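Got your viewer open? Let's take a walk through this one together, one selection at a time.

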Amino acid sequence: MKKGLNALFFIYFCVNLCNIMKYLKHKLILFFLLLLIFSSCKKEKLIQISSNATPYQLVIPQGFPTKYYNPADNPLTVEGIELGRLLFYDGRLAGRTDLDSLTSCATCHKQSKAFECGYHPSGITGIKTPHVMLPLINLIWNPNTLLWNGKVANIEDLFWMGIYAPHEMKSDTNRAKAMIQSIPMYPPLFKKAFGSEIVTAKNMGKAIAQFIRILISSNSKFDKYLKGEANLSAQELNGFVLFTTENGGDCFHCHGGEGNPLFTTNQFYNNGKDTVFTDTRDRYAVTHNPKDIGAYKATTLRNIELTGPYMHDGRFQTLNDVLNFYATGLFYSPSVSSLMHHVSNNGNQLTLSQQQDLLSFLKTLTDSVFTHNPDFSNPRPNDPYFINE
């Protein structure tokens with residue numbers, strides 16, 4: 001009997017010992033997990049270096065939206081913008097120093113062309129870009145849908161995309177940051193802007209994005225007219241009427257007008273250019289919505305006189321070509337935008353005289369203050385490594 005009780009007690013003890021060990025095992029696992037988490041947090045805290053950069057005071061032009069994109073993880077600062085401007089123009093940005101292979105953002109985005117280039121560009125390899133470029137104008141008000149199809153969400157990403165793309169710089173970010181790190185003037189500037197002299201691709205993109213966000217165009221003849229500082233000619237005023245009426249040019253639905261100083265809705269439209277669609281980079285490629293087949297961003301009309309060739313593929317060389325297309329060259333397709341009210345008539349049927357009036361108005365959107373602003377220009381024009389026009 002006693003032996004039986006002892007055996008039962010031994011079995012009970014073993015079972016409970018196992019349970020105790022399991023309990024302790026779970027507790028130990030939990031303890032080590034918590035230790036690991038807290039250690040990681042402590043390590044992350046150590047490498048998070050705060051910046052004492054000076055906040056940039058953005059002046060919003062009269063009549064422009066008061067809400068703009070200033071991300072919490074990359075707010076505008078005086079030091080960040082200064083650094084971004086240097087990087088924007090530095091031909092060593094892709095990691096090369098040979099004077100015949102220098103490539104920077106400014107290689108194609110030229111201030112005199114409203115930060116476009118005036119032709120369908122090719123990268124360093126000679127490969128043409130899939131689409132003609134868009135100008136860098138007032139992107140601080142862009143709703144995170146960059147490029148012709150809106151695929152890119154923020155300006156910061158444009159940096160590394162341009163570095164890697166074979167039709168642009170064809171390099172890599174490791175090579176780019178190593179090059180910038182090796183140039184004596186840059187580490188102290190990164191320290192001022194981001195709190196550390198260590199150059200990172202992320203901070204390079206942030207700095208360039210800050211500079212691009214202050215490229216604001218708001219001083220055209222039409223802006224001065226709205227402020228009572230200039231007069232429009234009879235031809236320009238007639239062009240404005242045509243621009244803002246449906247039975248005229250019918251331009252304002254997609255490109256805004258007096259009430260939309262950006263002169264774009266930043267939306268995407270199939271504007272009746274084609275009936276067959278083979279481009280794999282239209283808006284449909286992003287949304288997979290059949291209504292977006294053949295749709296592209298409505299570009300800003302600010303400085304439109306300077307930013308040809310026109311349309312996503314640069315098919316029109318002049319604004320006269322564009323206006324003639326909208327007058328008589330529209331094509332119907334199932335995905336054509338409902339805002340193309342004149343597509344059933346192949347266009348708005350403006351006469352040549354009316355087209356010239358409309359052209360005169362469009363030219364009032366040219367902003368020579370923007371294209372000559374010294375704050376946006378090459379900061380080191382006498383430095384052979386910096387891109388000059």
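What share of the contacts in the protein chain with a separation of 6 or more comes from residues 24 or more positions apart? The figure is 66%. Keep in mind as you click around that this is a predicted model.

**The whole chain**

Start with a cartoon view of everything. You should find 13 helices and two strands in the protein chain. Now colour by burial: of the 389 residues, 48% are buried.

**Stop one: helix α6**

Select residues 201-213, which form helix α6. Try a quick check with the distance tool on the end C-alpha atoms: they are 18 Å apart. At 1.5 Å a residue, these 13 residues should span 18 Å, so the model agrees with the expectation.

Next, show what surrounds α6. Because 12 of its 13 residues are buried, this helix is largely enclosed by the rest of the structure. Among the buried ones are M204, A207, I208 and F211, and K206 and R213 are on the list too. Which helices do they pack against? Select α2 (78-89), α3 (155-164), α4 (173-182) and α5 (186-194) to see them.

**Stop two: the nonpolar cores**

Here's a handy rule of thumb: in soluble globular proteins, nonpolar side chains tend to be buried together. In this model, the largest nonpolar core has 52 residues, and those touching the most other members are L83, L87, F88, L93, Y186, F190 and M204. Helices α2, α3, α4, α5 and α6 each give two or more residues to this core. Your helix from stop one, α6, gives the most, with seven.

Click on L83 for a close-up. Beyond its neighbours within four places in sequence, L83 is in contact with Y186, L189, F190, A193, F194 and A207. There is also a second, separate core of 26 residues, which includes F240, V322, L350 and L365.

To visit V322 at home, select helix α11 (residues 319-328), where L319, V322, L323, F325 and A327 are buried. Part of what covers those buried residues is α12.

**Stop three: the aromatic rings**

Show the Phe, Tyr and Trp side chains as sticks. How many aromatic pairs are there? The count comes to 16. A good one to zoom in on is F222 with F361: the ring centres are 5.2 Å apart and the planes sit at 90 degrees, so this pair is edge-to-face. The two rings come from distant parts of the chain, 139 residues apart, with F222 in helix α7 (residues 221-226) and F361 in helix α12 (residues 352-363). Both F222 and F361 are buried.

Then select F88, Y89, F115, F211, F370 and F376 together, and you'll see a cluster linked by ring pairs. For a ring with a charged partner, go to F268: R283 lies over its face, at 4.1 Å from the ring centre.

**Last stop: H255**

Finish at helix α9 (residues 252-255), where H255 sits. Is H255 buried or exposed? Its relative accessibility is 15%, so H255 counts as buried, the cut-off being under 20%. Turn on the neighbours and look for T299: its backbone oxygen lies 2.9 Å from a polar atom of the H255 side chain. Leaving aside neighbours within four places in sequence, H255 is in contact with F243, F263, T264, A298, T299 and L301.

Notes:
Residues are numbered from 1 along each chain as its sequence is written. This is a predicted model: local features need pLDDT of at least 70, side-chain atom pairs count only at pLDDT 80 or more; totals for chains, interfaces and linings use all residues. Side-chain values use heavy atoms; hydrogens and water are left out. Helices (H or I, at least four residues) and strands (E, at least two) are DSSP runs, numbered from the N terminus. The expected span of a helix is 1.5 Å times one less than its number of residues. Buried means under 20% relative accessible area, exposed over 50%, partly exposed in between (1.4 Å probe, protein chains only). Contact means heavy atoms within 4.5 Å. Rings of Phe, Tyr and Trp (its six-membered ring) pair if their centres lie within 6.5 Å; planes under 30 degrees apart count as stacked, over 60 as edge-to-face and the rest as tilted. A charge sits over a ring if NZ of Lys or CZ of Arg is within 6 Å of the ring centre and within 35 degrees of the ring normal. A polar contact is a pair of N or O atoms within 3.5 Å; within protein, one must be able to donate a hydrogen and the other to accept it, and residues adjacent in sequence count only if both atoms are side-chain atoms. A nonpolar core is a set of buried Ala, Val, Leu, Ile, Met, Phe, Trp, Tyr and Cys residues joined through side-chain atoms within 4.5 Å.
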